[in-house]
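Hi,

Here is the structure I promised to send over. Have a look at it first, and then read on for what turned up when I went through it.

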Amino acid sequence: PLTDLLMQSLEEGGPLVSHSARDVAPPDLVQLIFMILEDVLNRAYNSRAAVPSALIAPCLGILTTLLSLPNYSNRVWLFLRSSSVLFGSDRDATYNSPILTSERNSGTYVMTLSLLRLVRTLLEESVSRLVPTHAEQPKLQAIKEEVLLRAVHFIQNHIWVEHAGWRYAHLPDRFEISRSVIELYARILDVRSVLEVNTTVDGEARSVLADFVSGILITHAANPTITPLVHAIASARTVLSTLTQARRVPELHAYSQLLERALYLTRLVLQLKNTSRDAFKGHVLLEQALCADHATANMLLRASRAFAPDTSSRANPIDVLMYLIGQRDLGTTIPIEATKVLTALCVALANNTSVDARPSLLSYLSDAQTTMAGLVRILKHPYDDLDLRNALWTFVTTAVQKQAPLAVLFVAGHF
């Protein structure tokens, strides 16, 4: 590979930097990158100056690339563990990232996106090397888990719960930051079983990283965590309409990707709650948020003056999910995911031990009969997408079992 050849030529050549100390070996590429990061970011932190993205973003990109090289990836992990310049420190709860501070002021997020790509690559490298590392280098595996947990804590506390209130010079940045964090959380939940098999906590097969993500989304969920996820879904009708009318194709594509991943993570969380070994007697916060109305203009308010959404409009996520099922302009993935979310939500609401606390999905639809008629047309169409029709049949079967009012409407066609 070209990367290996490049690294080999760097090693066989002279020192990477001018080096005059006789008793100390010259720094290699990994050490040099961290020296640059610490020097630039510490100066910016102390002086409250802007961070040069043209220097920091490539440094983060190099670290991301080096993780694919076994001879260098371990050194990246070790330096990340010993350095607090990117993700802060467990001992410093008041850490304020100079990268985020600088980019919030400028409204552009090149470094933040590079940092999110680095964390995602760290996760993928850890998962791909989990079995051999756990068997041959258990101490290194513990270091990887420590670094990943600190990085995810940083993303949760400093990016995810705050990014909706940032100013954006480019609207796709807002969508890409949301999508990157959602994909990271979804990936951690996807590989939860793999992480648990190779990790033990107090003698039990558990993953601290997976427990943290499931905790912030289910057991210890809070509004700042759940709201950005549900808003991405609840705002779909308004955002899609606004971007389509403005002919903003790149923004429309970026939001469609965000919406797809938001639906996927929502389904994962609901399914995890439904199948969890921990007993949930009531509704978790995500279910409550999906059953509540939300302002639909929040996704565009801090983006660009070219957009002037109606700040008073509100929408219910369940009604929007029904709407998305029939939107074939979005492809088939989003309608299928919307259908699966509704199926998982039906099961989650029915599992509530209190019968009085089991709301009907019909109560959240703006026009229930027209919506159900549209679903029936998809089911009856012989040439519609087969995967969508199968997912819809699963939803109808589940709804008939779990939601009595829906069963009447599906069978009789009216109330």
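For the ring counts below, two rings of Phe, Tyr or Trp (its six-membered ring) make a pair if their centres lie within 6.5 Å. Please keep in mind that this is a predicted model.

**Aromatic pairs**

Going through the whole structure with that rule gives seven aromatic pairs. Take Phe34 and Phe79 to begin with: their ring centres are 5.3 Å apart and the planes sit at 20 degrees, so this pair is stacked, given that planes under 30 degrees apart count as stacked. Phe34 belongs to helix H2 (residues 29–47) and Phe79 to helix H4 (residues 70–82), so the contact joins distant parts of the chain, 45 residues apart. How buried or exposed are the two partners? Phe34 is buried, at 2% relative accessible area, while Phe79 counts as partly exposed at 23%.

Another pair is Tyr95 with Phe154. Here the centres are 6.5 Å apart and the planes are at 55 degrees, so the pair is tilted. Tyr95 comes from the loop between H4 and helix H5 (98–106), and Phe154 comes from helix H8 (residues 138–160), so the pair ties together parts that are 59 residues apart in sequence. Both Tyr95 and Phe154 are buried. They also belong to a cluster, in which ring pairs link Phe87, Tyr95 and Phe154.

**Arginines over rings**

You may like these two. Arg48 lies over the face of Tyr45, 5.2 Å from the ring centre. Arg237 does likewise with Tyr323, at 4.2 Å from the ring centre.

**Helix H13**

Arg237 brings us to the next stretch, since helix H13 covers residues 236–245. Buried residues in H13 are Ala236, Val239, Leu240 and Leu243. Where do the buried residues of H13 fall when you look down its axis? They sit within an arc of 95 degrees, so they line one face of the helix. Just after H13, Arg247 takes a positive phi of about 55 degrees.

**Two packed helices**

Last item: helix H6 (residues 110–128) packs with helix H9 (residues 171–190). Their angle is about 15 degrees, with the axes 10 Å apart. Angles under 35 degrees count as roughly parallel, so that is how H6 runs to H9. The crossing of H6 and H9 is left-handed.

Cheers

Conventions
Residues numbered from 1 in each chain as written. Predicted model: local features only at pLDDT ≥ 70, side-chain atom pairs only at ≥ 80, totals over all residues. Heavy atoms only, no water. Phe/Tyr/Trp six-rings, centres within 6.5 Å; stacked < 30°, edge-to-face > 60°. Helix = DSSP H or I, 4+ residues; strand = E, 2+ residues; numbered from the N terminus. Buried < 20%, exposed > 50% of the residue type's maximum accessible area, 1.4 Å probe, protein only. Lys NZ or Arg CZ within 6 Å of the ring centre and 35° of its normal. Arc of directions from axis to C-beta. Axes fitted to C-alpha atoms, helices over the stretch in contact; angles between N-to-C directions. Parallel < 35°, antiparallel > 145°, perpendicular 65-115°, else oblique. Left-handed = near helix turned anticlockwise from the far one by under 90°.
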